[in-house]
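Me: I would like a close look at a single part of this structure, with its surroundings described as well. Please take one helix and work outward from there.

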Amino acid sequence: MAKLKMFMYKVFKWGLSVIGLTVSITGITGEVSVNLGSPLTESEISRVSITIFPNGHNLPKGQGSVKEGEKLYVELCSACHGESGTEGPSNRLTGSIGLFSFMDPLRIMRIQEVNGLLVMSTGQQWPYATSIFDFVRRAMPHYKPKSLTNNETYSLTAYILYLNDLVNKDAVIDRKNLPGVEMPAFKRYVRAWKNKSAADDFIPRP
Ligand code: HEC
């Protein structure tokens with residue numbers, strides 16, 4: 001019992017001296033350093049801070065046309081996504097409205113309508129057009145992510161939207177009109193936040 005008391009006393013004493021030490025360091029320097037390295041510079045942060053929010057926040061300057069996008073698509077994307085964005089082998093970019101319930105009486109007809117492939121496509125699954133820009137710029141082409149310029153990304157986004165009949169063949173996409181492109185999937189998603197524009201919930205705090 002005496003031993004235990006002694007032990008408790010030592011723990012208490014150590015605790016006090018750790019607090020004392022922390023307080024005295026704080027007293028001298030004004031802040032406690034935990035030695036995590038040096039702060040990132042603005043340019044280091046801007047290289048990784050590339051998230052585009054659903055409402056278009058953070059979209060860069062620049063623009064791209066469907067026509068330009070088509071050329072880039074043939075050159076950089078069609079090998080994996082297919083000539084018309086449906087053949088694969090990688091994900092479908094247009095077409096299929098996805099998996100259907102076995103209870104759906106029109107299932108057979110719908111499968112025929114989408115060429116037999118039971119997979120979702122970007123155009124039918126994604127609720128925000130702005131996310132296509134974000135994803136393509138950060139992840140595509142698969143073998144060389146982050147290699148596309150902003151203008152190239154706008155063009156490819158425009159072309160994917162065109163493949164989905166969401167913009168016309170002469171469309172030019174930029175930071176102003178991209179957030180206004182309404183995706184068919186938007187209404188299929190359940191909003192977690194009622195009484196507000198879903199996009200507004202994603203505006204980052206300053
Ligand atoms: C080497 C093969 C390859 C090339 C080339 C390629 N992709 Fe992809 N792409 C993929 C794969 C694999 C995925 C799925 C990645 C995942 O889910 O993480 C994908 C996914 C995508 C998606 C999301 C599909 C979805 O709905 O989930 C888009 C959009 C896309 N690619 C666009 C492009 C564009 C635009 C280009 C040309 C600049 C391109 N890809 C070039 C392989 C490729």
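Reply: What follows is an account of one helix, its cover, the core and the ligand shell.

This is a predicted model, in which local features need pLDDT of at least 70 and side-chain atom pairs count only at pLDDT 80 or more, while totals for chains, interfaces and linings use all residues. Residues are numbered from 1 along each chain as its sequence is written.

The secondary structure of the protein chain comes to eight helices and two strands, where helices (H or I, at least four residues) and strands (E, at least two) are DSSP runs numbered from the N terminus. Along the sequence these elements follow the pattern α-α-β-α-α-α-α-α-α-β. The helix chosen here is α8, which covers residues 150-163 and has 14 residues. From its first C-alpha to its last, α8 reaches 20 Å, close to the 20 Å expected at 1.5 Å a residue, the expected span being 1.5 Å times one less than the number of residues. Just after α8, Asp-165 takes a positive phi of about 60°.

Of the 14 residues in α8, 11 are buried, a term that requires 20 or more other C-beta atoms, placed from the backbone, within 10 Å of the residue's own (exposed means 12 or fewer, and partly exposed lies in between). Among these buried residues of α8 are Thr-153, Tyr-154, Ser-155 and Leu-163. In the protein chain, with its 206 residues, buried residues make up 22%. The cover over the buried residues of α8 includes the strands β1 (63-65) and β2 (172-174), together with the helices α3 (66-76), α6 (122-125) and α7 (129-139). One residue of α8 illustrates this packing: apart from neighbours within four places in sequence, Ile-160 is in contact (C-beta atoms, placed from the backbone, within 7 Å) with Leu-93, Thr-122, Gly-123 and Ile-132.

The largest nonpolar core (buried Ala, Val, Leu, Ile, Met, Phe, Trp, Tyr and Cys residues joined through C-beta atoms within 7 Å) has 26 residues, and those with the most contacts inside it are Phe-133, Ala-158, Tyr-159, Ile-160 and Tyr-162. At least two residues of this core come from each of α3, α7 and α8, and α8 supplies the largest share, eight residues.

The ligand is surrounded by 19 residues (C-beta atom, placed from the backbone, within 6 Å of it), the closest being Cys-77, Cys-80, Ser-90, Thr-122 and His-142. To this shell α8 supplies at least two residues, as do α4 (78-81), α6 and α7.

Note on methods. Two residues are in contact if their C-beta atoms, placed from the backbone, lie within 7 Å.
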